[in-house]
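User: Got a minute to go through this model with me? I'd like to look at the ligand sites and some helix packing.
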Amino acid sequence: MTYVKPKFRHPELPKNKLGYSVDYYEGALSTLCAGCGHDSISAAVVQTCFEMNIEPHRLAKLSGIGCSSKTPAYFLSNSHGFNSVHGRMPSVATGANLANKDLIYFGVSGDGDTASIGMGQFVHVIRRNLNMIYIVMNNGCYGLTKGQDSATADEGSKNKTGHVNLFEGIDLSSLAIELGATFVAQSFSGDKDQLIPLIKAAIKHPGFAFINVISPCVTFNNNVGSTKSYDYVREHVEATATIDFVPEMTEIITSYEEGSLKTVKMHDGSSIELHKLAKDWDPLDKISAMNAIQHAKQKHEILTGLLYMNPETTELHKLLNTSDRALNSLKKKELCPGSKALVDINAGLR
Amino acid sequence: MSAIEKNKVIVNDFVVRFANVNGTGSASANYLFTKAIFRMGVFVTPKNIFPSNIQGLPTWYEVRVNEKGYLGRREGIDLMVAVNPQSFAKDVASVRPGGYFMYDSSKKLHPEYIRPDINYLPIPLMQMSNDAFTDPRQRQLFKNIIYVGALTALLDIEFSAIEGLLADQFKGKEKLIAPNIKALQLGVDFVHKNFTYPLNFRVEKRDLLKDWIMMEGNAACGLGAVYAGATVAAWYPITPSTSVVEAFSEYAAEMRVDEKTGKNNFAIVQAEDELAAIGMVIGANWNGARSFTATSGPGVSLMNEFLGLAYFAEIPTVLIDVQRTGPSTGMPTRTQQSDIMEAAYASHGDTKHILLFPSTPKECFEMTAEAFDLAEQLQTPVIMMTDLDLGMNDHVCPPLVWDDKREYKRGKVLDAEALEKIAKFGRYLDVDGDGIPYRTLPGTHPTKGSYFTRGTSRDEYAVYTEDSGAYQRNMDRLIKKWHTAQNIVPAPHLYQDKNKHKNGLIFFGTSTYSSEEAMDILKEEGIFVDALRLKSFPFNKTVVDFIDQHEKVFVIEQNRDGQLKSLLMIELQANPQKLISVLNYDGMPITADNILNQIKKSLSLSTPTVKAN
Ligand SMILES: Cc1ncc(C[n+]2csc(CCOP(=O)(O)OP(=O)(O)O)c2C)c(N)n1
Ligand code: SF4
Ligand SMILES: [Mg+2]
């Protein structure tokens, strides 16, 4: 059985600046369970890339293993994708990015893939500030292996089998901030309006950009008593602010009440506009971000939106002082020192 | 251990062993000794025998000097330079009858170390150094240089050779030359005053080495990667492989920095572990950069899952395995050829990998460069099987050469233009009938050539499927590719135009030197054998024929289980009765004596009168 989407193009679909309609950004037919949160995130990615006029072939999709890690097959079929091994997407992304700095690297992982088997690589890719988007589709369980608790399941949360999780859940967003990530956001698969501008900003961020998206697993963890079910998340979600992504050269037309608006300029001239800011929270201030997360936790709220950001960031290529040209484009004459250099090397070994 | 012949002058054929404490600066003094003999044009082979420790434990450095060009280890110590009282008992015991024991006599030698059948050369090294130098660090260092001075007198080493080396070493820091010369002279003078010199074995200047060089295999691998155009290196420190990436880093810093921009045409990442290191290498190669990692056995174990992915997803991958004795808490600083099986079949599922077996630094250089060509041509992992002996010891070998006309073989990669010309791109389609499909790199073409990379649940067009037929077709194509590989990997070296003797030897890598020496000795004794040196896996027809055409084939290797022999049995269905293992697995490089003993024992057991045939 193969899964290829029937190609039917609606002639009247609106086109973006590149002349592509939104279906150009779609992927193969999803094989996930109907209603799976992950599919909504895929749809948000499609919409985002369409709106941002991204050339799909200039973006590479990378993932680990899990239902979540399958999703790159379901969006952007004109992009290269790499479904690697469980928990190791960050290393593959690191190598790929080092080879060619000129593409967008879009990483997708699950909470099992990131917070358990892949915790080491997650931590280190942040430390290295790899220029990539890293999305965790977080359902608090291992969907693909049939619903076992993951390390992000909250203590006391109950899964479909009635099993209650005994252990403290790992908060990936706090951890990312702590480790020095310069773009950290949290969202909910059911909130496209928030997710799309967040992904846009993450793509524009010139360093490691992390988005932890709560994405319910309808099959194994959507029951009463689960803190990752649709109902629970909807009831407990609390946004830091509403968010708009404003591409460069766009005239800002909306106006908001004074004092409730914050504009964060991105390096390329685009900006993020945050409205109705949470009290005492400044997205550019790490400590206030940490405080906001902790306060929300105390109140059993799930804080979403942009949590922390530092537009001044130094990604891995800058740290390593690599060539401005993509390393994979260098040719023999730039790479091979040739026989002449070998004469001296040999002489030095005598 | 046989005795040294008395009253006979032995030229250019002896073994000196230095017994030091690690971390005391003895390494550079000992290197000076070796290099001086090298500069006198005589074959010389040093071996480090060192502990997994930074300071304070016994360490040995063994130097074989040889006129005939035998570069393997030889048993029996002619002269022991003992500067570490901790290991005196062992050191005294290892001297051949008639040999010499030089020691630091600043403290009196305990009577239990007196053997009537060896000669003693007491030199108060510490005392002399303390008297001549005031700085404590200098006192420590120059104690070593004093014994090098003494050795030059005892072994007739040209003082000018040492002076030349010091001049090279301290270029720009000439102030340091004088105290070194002073220490050397102290040693020379002491010998002149107290001993008969030179000894009955000694060095004589020759021109045997011509334009040869002296180099460590790891440095040659690192340089090979620079020449091969590797741009991304990812690694995790582990002895004995660490110096591969260190060398890459140093050579790249010299030769790969853009002159105009000052920016690096390479990237090196010290990964968080070997899993990440190989993941980065796979990611970079997937994206069209030549990328490699270096590790040792424990690292290869950790890389297993990813190696399987690279095999099935068909991503070029270069891995340099500098083998050591296992396991992780084994003797990490001793040598072995014991990762053969681990590397050949690394990972789960039906996997097998290309292996290369270099045996000299020159081959390390050439084969590393070739590994990248093979990996890209075949779109699969290529594992360089070197070892601690080759990687971390200096070896004399012919100079490195590079043909400027040589182009990188980047394999079947479709660019935008090529994609325009084809009707439908199939990532795993066997277009040419050689099992090797075409690949594309991310970013190449807006509408053509993109595909989703995953293990095996896909068809020829990389479309997701769990169809059994598609899986099996893919597996069969991979085997076809393996057969293609057989004909392009480095062919084995045959020592004879035609196989003509009853018995044959098969060996590879660092077992080569001693195997060649053993062959010569057998010949002198009238026992003739054919021989074949393997340079790669998969094996080709030459190996099949070699086994077929001999009654007995001795498979010489440095591990307990005869891993290469197993590989020959598994892959070629070679008759196990025919294959006789000649093994060494004590962590020390194999010697010709050891090989001879094992071969002769086997021959005399079955055919008591094997002579010339
Ligand atoms: C090395 C290894 N161990 C175990 C597995 C089995 N496995 C597949 S997916 C998965 C968990 C995935 O969970 P998560 O990342 O949260 O993804 P989800 O399916 O929930 O989206 C596991 C344990 C594997 N593929 N590889
Ligand atoms: S099992 Fe859960 S995570 Fe997996 S596809 Fe179904 S709903 Fe989604
Ligand atoms: Mg999950």
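Analyst: Sure, we can take the metal site, then a ligand shell, then a helix pair; keep in mind that this is a predicted model.

User: Which protein atoms are donors of the magnesium ion (ligand 3)?
Analyst: Asp111(A) through OD, Asn139(A) through OD1 and Cys141(A) through O, lying 2.0 to 2.2 Å from the ion. Along the chain, these donors follow the spacing D-x27-N-x1-C.

User: And what does the pair Asp111(A) and Cys141(A) tie together?
Analyst: Asp111(A) is in helix 4 (residues 111-115) of chain A and Cys141(A) is in strand 5 (residues 141-142) of chain A, so the pair links parts that are 30 residues apart in sequence.

User: Is Asp111(A) buried or exposed?
Analyst: Buried, with a relative accessible area of 2%. Cys141(A) counts as buried too, at 3% relative accessibility.

User: OK, ligand 2. Which residues are around it?
Analyst: Among them are Leu32(A), Cys33(A), Cys36(A), His38(A), Cys67(A) and Phe220(A). Asn139(A) is also in that list, and Asn139(A) is a magnesium donor as well. By class, the shell has seven nonpolar, four polar and no charged residues.

User: Switching to chain B: at what angle do helix 1 and helix 5 of chain B cross?
Analyst: Roughly 115 degrees, and the axes of helix 1 (residues 26-39) and helix 5 (residues 159-169) come within 9 Å. The crossing is right-handed.

User: Which residues meet there?
Analyst: Helix 1 of chain B brings Leu32(B), Lys35(B), Ala36(B) and Arg39(B), and the residues they meet in helix 5 include Ile162(B), Leu165(B) and Asp168(B). By class, that contact has six nonpolar, two polar and three charged residues.

Note on methods: Residues are numbered from 1 along each chain as its sequence is written. Chains are lettered from A and ligands numbered from 1 in the order in which they are written. This is a predicted model: local features need pLDDT of at least 70, side-chain atom pairs count only at pLDDT 80 or more; totals for chains, interfaces and linings use all residues. Side-chain values use heavy atoms; hydrogens and water are left out. A residue is near a molecule or strand if one of its heavy atoms lies within 4 Å of it. Ala, Val, Leu, Ile, Met, Phe, Trp, Tyr, Cys and Pro count as nonpolar, Asp, Glu, Lys and Arg as charged, and the others, Gly among them, as polar. Donors are N, O and S atoms within 2.8 Å of the metal (3.2 Å for Na, K and Ca); water is not among the atoms, so sites may look incomplete. Helices (H or I, at least four residues) and strands (E, at least two) are DSSP runs, numbered from the N terminus. Buried means under 20% relative accessible area, exposed over 50%, partly exposed in between (1.4 Å probe, protein chains only). Axes are lines fitted to C-alpha atoms, for helices over the stretch in contact, and angles run from 0 to 180 degrees between N-to-C directions. A crossing is left-handed if the near helix is turned anticlockwise from the far one by less than a right angle, and right-handed if clockwise. Contact means heavy atoms within 4.5 Å.
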